[in-house]
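Here is a short, friendly tour of the structure you are about to see. Please keep the view open while you read.

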Amino acid sequence: MPDKTVSYEELAAGHKFPPATYELNASFVSKYLRAVDSSGDGFVPPLAITACAIATMTKSIPLPPGTIAIHASQELEFLKLVPIGTTIECHIGVTQKIARGKMSMLILGIEVFDKGKEKVQSGRATIALPA
Amino acid sequence: MLTEIQQGKALNSVVKHITQEKINLYAEASGDFNPIHVDESFAAQTPFGGTIAHGMLNLAYISEMMTSAFGRSWVSGGKLRAKFKESVRPGDTLTITGKIDCIEQESDVSYANCSFECRNQRGETIVAGEAIVKLSSGKE
């Protein structure tokens with residue numbers, strides 16, 4: 001759900017969206033592998049974890065209806081192999097918000113932890129939006 | 001997995017054909033139902049003129065190539081930086097290629113620095129970037 005505590009105009013560097021939890025069970029992994037047309041290797045594909053983080057991000061950003069947000073770039077670091085069945089918590093925060101002419105660039109920090117609070121993945125996404 | 005890890009070595013390429021069904025499956029798996037990906041009548045009114053694939057679907061194919069080349073070293077020690085340059089439409093065929101640009105040694109750990117690219121059937125670059133894989137440590 002969009003973060004209703006803040007409007008897009010009010011979003012600023014340092015803002016943290018409410019974290020979201022996902023259970024990466026066999027059914028989720030199987031669905032993901034079918035979607036990416038891959039056979040899998042017995043663990044959660046790292047990009048399946050990123051998909052959860054990005055979904056958290058897209059659901060959290062309070063955009064006006066009809067706004068088209070473009071994923072411009074992505075940085076990722078995979079820190080730990082994640083077994084199937086793991087529950088993860090995705091944390092998304094605004095790192096930077098830049099206005100460039102008619103466009104606005106939102107740079108978001110991504111951190112994903114497992115139940116033991118160990119970081120399994122981190123990254124940075126750049127989203128381009130109409131200003 | 002690669003049997004020989006050396007500078008200049010090409011990674012096994014990955015080829016994928018994109019359909020609206022695959023985009024819908026990805027939306028269901030990821031929970032990202034942005035209408036630009038799944039609502040054909042909405043997407044037709046946008047500058048894209050139709051639905052486009054999720055950028056993360058394209059990135060998943062790049063990760064598949066890296067996992068195939070480096071196995072668990074990629075999954076628990078990989079880093080990537082990617083720029084999404086063009087959108088992908090249903091009907092496109094993507095070819096993902098990569099190579100090892102150099103091997104670097106830091107203390108007793110070696111790293112493979114790779115570059116990758118995803119192109120469509122017209123030769124346009126869709127995604128381009130770099131990846132680093134931690135290969136081994138004398139302490140492991």
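Which residue of β2(B) does A:E77 stand opposite? The partner of A:E77 is B:K79. Before going further, please note that this is a predicted model.

**Where the chains meet**

The pair sits in a stretch of strand pairing between the chains: β2 of chain A, residues 70–78, is joined to β2(B) by five bridges, and the two strands run antiparallel. The whole contact draws 29 residues from chain A and 31 residues from chain B. On the chain B side, the elements that give two or more residues are α1 (20–30), α4 (55–70), α5 (72–75) and β2 (78–84). Of these, α4(B) gives the most, with eight residues. By residue type, the side of chain B that touches chain A holds 12 nonpolar, 10 polar and nine charged residues.

**The nonpolar core**

The helix α4(B) turns up again in the largest nonpolar core, to which it gives the largest share, 10 residues. That core has 66 residues in total, and the ones with the most contacts inside it are A:I49, A:A51, A:A53, B:I62 and B:M65. Leaving aside residues up to four places away in sequence, B:I62 touches B:A82, B:I96, B:F116, B:C118 and B:V127.

**Helix α2 of chain A**

How many of the 15 residues of α2(A) are buried? The count is 14, so this helix is largely enclosed by the rest of the structure. Its length also fits expectation: at 1.5 Å a residue, the 15 residues of α2(A) should span 21 Å, and the end C-alpha atoms are indeed 21 Å apart.

**Two residues with positive phi**

Two loop residues of chain A deserve a look. A:D37 is a residue other than glycine with a positive phi, and so is A:K117.

| Residue | Phi | Loop in chain A |
|---|---|---|
| A:D37 | near 60° | between α1 (26–35) and α2 (46–60) |
| A:K117 | near 65° | between β4 (103–114) and β5 (119–130) |

Are these residues buried or exposed? A:D37 has 17 other C-beta atoms within 10 Å, so A:D37 is partly exposed. A:K117 has 7 C-beta neighbours inside 10 Å and therefore counts as exposed, since the cut-off for exposed is 12 or fewer.

Definitions and conventions:
Residues numbered from 1 in each chain as written. Chains lettered and ligands numbered in written order. Predicted model: local features only at pLDDT ≥ 70, side-chain atom pairs only at ≥ 80, totals over all residues. Contact = placed C-beta atoms within 7 Å. Helix = DSSP H or I, 4+ residues; strand = E, 2+ residues; numbered from the N terminus. Nonpolar A, V, L, I, M, F, W, Y, C, P; charged D, E, K, R; others polar. Pairing = 2+ DSSP bridges. Buried ≥ 20, exposed ≤ 12 C-beta atoms within 10 Å, placed from the backbone. Core = buried A, V, L, I, M, F, W, Y, C linked by C-beta atoms within 7 Å. Expected span 1.5 Å × (residues − 1).
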